[in-house]
Amino acid sequence: MFFTPEFWVAVAFVILMVIFGYVGVFKTAMSALDHRAARIKAELDEAARLKQEAAKVLADYKVRTASAEREAADIIANANAEAERIAAEARAKMEDFVARRTKTAESKIALAEAQALADVRAAAAEAAVQAASTILSQSVKGQVADDLLAKGINEVRQKLN
């Protein structure tokens, strides 16, 4: 039994373990493993914290995006309403302008018609007076003719004007 290689390997292993225990290799190895475990745990905690922060930032981004979209929709709706209001005002002003221009033109036409009618009446009265004057002056003579002529001219003027 003392001559088998397995026995001596076992003895060397036990002696090596006793030396490791005496020197403190186990404590050092355990300490190194504990430090590594603590570092990994800290990294995992940091990763979880960063994940939570990223989730908060993402939620905040989604809220801001939704708010910006609502604001943009409100701005567009307001702009459309304002454009419709301005178009309606412009349409109303244009219709009012056209109505005023039409009324002005109609009144100018009516005034021109009245003036033309007055001119025609005046010309007709003048022609009638001239014709009556000529006829009466050729057929009637003297004071009677002058009185008759004046009376006829006044009557014609009153009736035609």
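In this predicted model, Arg 85 pairs up with Glu 89 in a salt bridge whose closest N and O atoms sit 2.4 Å apart. Both residues belong to helix 2, four residues apart, or about one turn of the helix. Neither end is tucked away: Arg 85 is partly exposed at 38% relative accessible area, and Glu 89 is partly exposed at 36%.

That bridge is one of seven salt bridges found across the whole structure. Another joins Arg 100 to Asp 96, with 3.2 Å between the closest N and O atoms; these two also lie in helix 2, four residues apart. Arg 100 comes out as partly exposed at 47% relative accessibility, and so does Asp 96 at 40%. Then there is a small network, in which salt bridges with shared partners link Glu 46, Arg 49 and Glu 53. Lys 41 and Asp 45 form a bridge as well, at 3.4 Å, and they are about one helical turn apart in helix 2, which covers residues 25-139. Here Lys 41 counts as exposed, because its 52% relative accessibility is over the 50% mark, while Asp 45 is partly exposed at 44%.

Turning to the aromatic rings, the count is two pairs. Phe 7 and Trp 8 meet edge-to-face, 5.2 Å centre to centre with 75 degrees between the planes. Phe 7 is partly exposed at 23%, and Trp 8 is partly exposed at 47%. Phe 20 and Phe 26 are edge-to-face too, at 6.4 Å and 85 degrees.

As for annotation, an unreviewed UniProt entry places a transmembrane region at residues 6-26. Over that stretch the chain is 95% helix and 0% strand, with its end C-alpha atoms 24 Å apart.

Definitions and conventions
Residues numbered from 1 in each chain as written. Predicted model: local features only at pLDDT ≥ 70, side-chain atom pairs only at ≥ 80, totals over all residues. Heavy atoms only, no water. Phe/Tyr/Trp six-rings, centres within 6.5 Å; stacked < 30°, edge-to-face > 60°. Buried < 20%, exposed > 50% of the residue type's maximum accessible area, 1.4 Å probe, protein only. UniProt positions renumbered as here; feature names shortened; annotations may be inferred. Salt bridge = Lys/Arg side-chain N within 4 Å of Asp/Glu carboxyl O.
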